Amino acid sequence: MLLNPDSSLREVEIANPTPNLLVFATLADQDGVEGVVEIFQRADTQPSAQRGYLWFLVQMAELASDWLKGDKLRSGRDQQSTWRQVNIFSSEVHGSLDLLRTARTIADEGRRLLACDRLSLALVKIGNCEIQAVSGQDLIERRSALVIAMRKLAGIVCDTGEPLEISVRPNDVNPTLARAARNYLEESGATALAVLPIRKPAGRRLDRCGDVIGALVVENFAPGSEVSVTDMRAEFAREHSSLALANALEYQSLLRGPVTLLNLPRAS
């Protein structure tokens with residue numbers, strides 16, 4: 001639409017109080033108008049040039065509208081994919097009460113949910129931190145420098161209870177944590193790292209020291225990659241891991257509890 005200087009369209013309540021020619025076009029998708037593009041041009045141009053301005057702007061607005069439609073479709077597909085992954089993860093991690101199997105499921109399915117290169121699970125045991133599972137690995141070499149460095153880093157995060165997020169090299173963290181993170185990154189070769197503490201569910205009593213029962217160690221190895229501790233998927237991974245681990249730990253505690261043998265009278 002073209003609107004001359006100091007003019008208005010009363011039927012649609014649009015006014016141009018400026019001395020410039022106003023050229024504008026709408027951005028629309030299947031849900032309606034999403035926005036308006038306005039361009040102020042010189043008013044002393046030929047009518048043919050003004051029509052050329054309008055034609056060009058309408059073409060660009062149509063391209064932008066097509067992009068908006070595609071972006072909404074992509075966003076919807078991404079949300080559907082995320083919910084599908086969350087449902088798969090929650091179903092799998094709650095499928096067993098065996099602690100080791102639950103830990104391995106959290107590591108393997110959690111790696112897919114978080115779309116990371118490697119996910120490891122650390123558990124707090126009597127004040128210490130132990131690496132319980134690593135995605136894609138059936139056995140863990142606990143004496144390796146990598147696992148020792150991971151255990152130290154996860155232990156510090158579990159002690160503080162605060163998530164750690166590092167891209168490339170540790171910055172803006174306390175010296176002890178930065179040193180542990182640096183040592184681990186040198187061993188692992190990861191370019192992006194996050195350590196997410198797992199807290200026990202509210203109201204649950206577990207045989208653990210403190211509120212934190214473990215941590216997820218999230219790693220990416222591609223140059224320029226990142227990890228985010230505020231991602232919705234990360235929160236779901238922590239929440240469901242907390243519930244699944246609490247159930248497995250309570251079940252394990254029941255199996256280790258005292259057994260009472262009843263001396264029943266023999267039937268006559």
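The chain has 5 helices and 10 strands. The model is predicted. Buried residues make up 38% of its 268 residues. The accessible surface is about 16300 Å², and carbon and sulfur atoms hold 51% of that area. Now take the contacts between residues at least 6 apart in sequence: 57% of them join residues at least 24 apart.

Start with helix H1, which covers residues 47-93. Leu57 sits in this helix. Its relative accessibility is 5%, so Leu57 counts as buried, the limit being under 20%. What does Leu57 touch, leaving out residues up to four places away in sequence? The partners are Val23, Phe24, Ala25, Val37 and Ile39. A C-alpha distance gives another view of this region: Leu57 and Thr26 are 31 residues apart along the chain, yet their C-alpha atoms are separated by 9.5 Å.

Met60 belongs to H1 as well, but its setting is another matter. At 37% relative accessibility, Met60 is classed as partly exposed, because the value falls between the 20% and 50% limits. Met60 also contributes to a nonpolar surface patch of about 470 Å². Trp55, Phe56 and Leu63 make up the rest of that patch.

Next comes helix H2, residues 99-114. At its start, a side-chain oxygen of Asp98 comes to within 3.3 Å of the backbone nitrogen of Leu100. Does the length of H2 agree or disagree with the span expected for a helix of 16 residues? At 1.5 Å a residue, H2 should span 22 Å; its end C-alpha atoms are 21 Å apart, so the two agree. Its buried residues are Leu99, Thr102, Ala103, Thr105, Ile106, Ala107, Glu109, Gly110, Leu113 and Leu114. Here the general geometry helps: an α-helix has 3.6 residues a turn, so residues three or four places apart point the same way. The buried set of H2 includes Thr102, Ile106 and Gly110. After H2 comes Ala115, with a positive phi near 55°.

Helix H3 spans residues 145-160. It has 16 residues and reaches 23 Å from its first C-alpha to its last, close to the 22 Å expected. The buried residues of H3 are Val147, Ala149, Met150, Leu153, Ala154, Gly155, Ile156, Val157 and Cys158. Just after this helix, Gly161 takes a positive phi of about 75°.

Finish with helix H5, residues 232-255. Two residues in it deserve a look: His240 and Ser241. Is His240 buried or exposed? Its relative accessibility is 15%, so His240 counts as buried under the 20% cut-off. The side chain of His240 makes a polar contact of 3.3 Å with the side chain of His94. Leaving out residues up to four places away in sequence, His240 touches Phe89, Ser90, Val93 and His94. Among these, Phe89 and Val93 fall within the residue range of H1.

Ser241 has a relative accessible area of 0%, so this residue is buried too. Which residues does Ser241 touch, with those up to four places away in sequence set aside? They are Phe89, Ile106, Ile198 and Leu216. Phe89 is thus a partner of His240 and of Ser241. Ile106 takes us back to H2, where it is one of the buried residues.

Conventions. Residues are numbered from 1 along each chain as its sequence is written. This is a predicted model: local features need pLDDT of at least 70, side-chain atom pairs count only at pLDDT 80 or more; totals for chains, interfaces and linings use all residues. Side-chain values use heavy atoms; hydrogens and water are left out. Helices (H or I, at least four residues) and strands (E, at least two) are DSSP runs, numbered from the N terminus. The expected span of a helix is 1.5 Å times one less than its number of residues. Buried means under 20% relative accessible area, exposed over 50%, partly exposed in between (1.4 Å probe, protein chains only). A polar contact is a pair of N or O atoms within 3.5 Å; within protein, one must be able to donate a hydrogen and the other to accept it, and residues adjacent in sequence count only if both atoms are side-chain atoms. Contact means heavy atoms within 4.5 Å. Patches are made of residues with over 30% relative accessible area and no salt bridge: like charges are joined within 9 Å, nonpolar side chains (Val, Leu, Ile, Met, Phe, Trp, Tyr) within 5 Å. Accessible areas come from the Shrake-Rupley method with a 1.4 Å probe; for residues, only the protein chains shown count as cover. A salt bridge is a side-chain nitrogen of Lys or Arg within 4 Å of a carboxyl oxygen of Asp or Glu.
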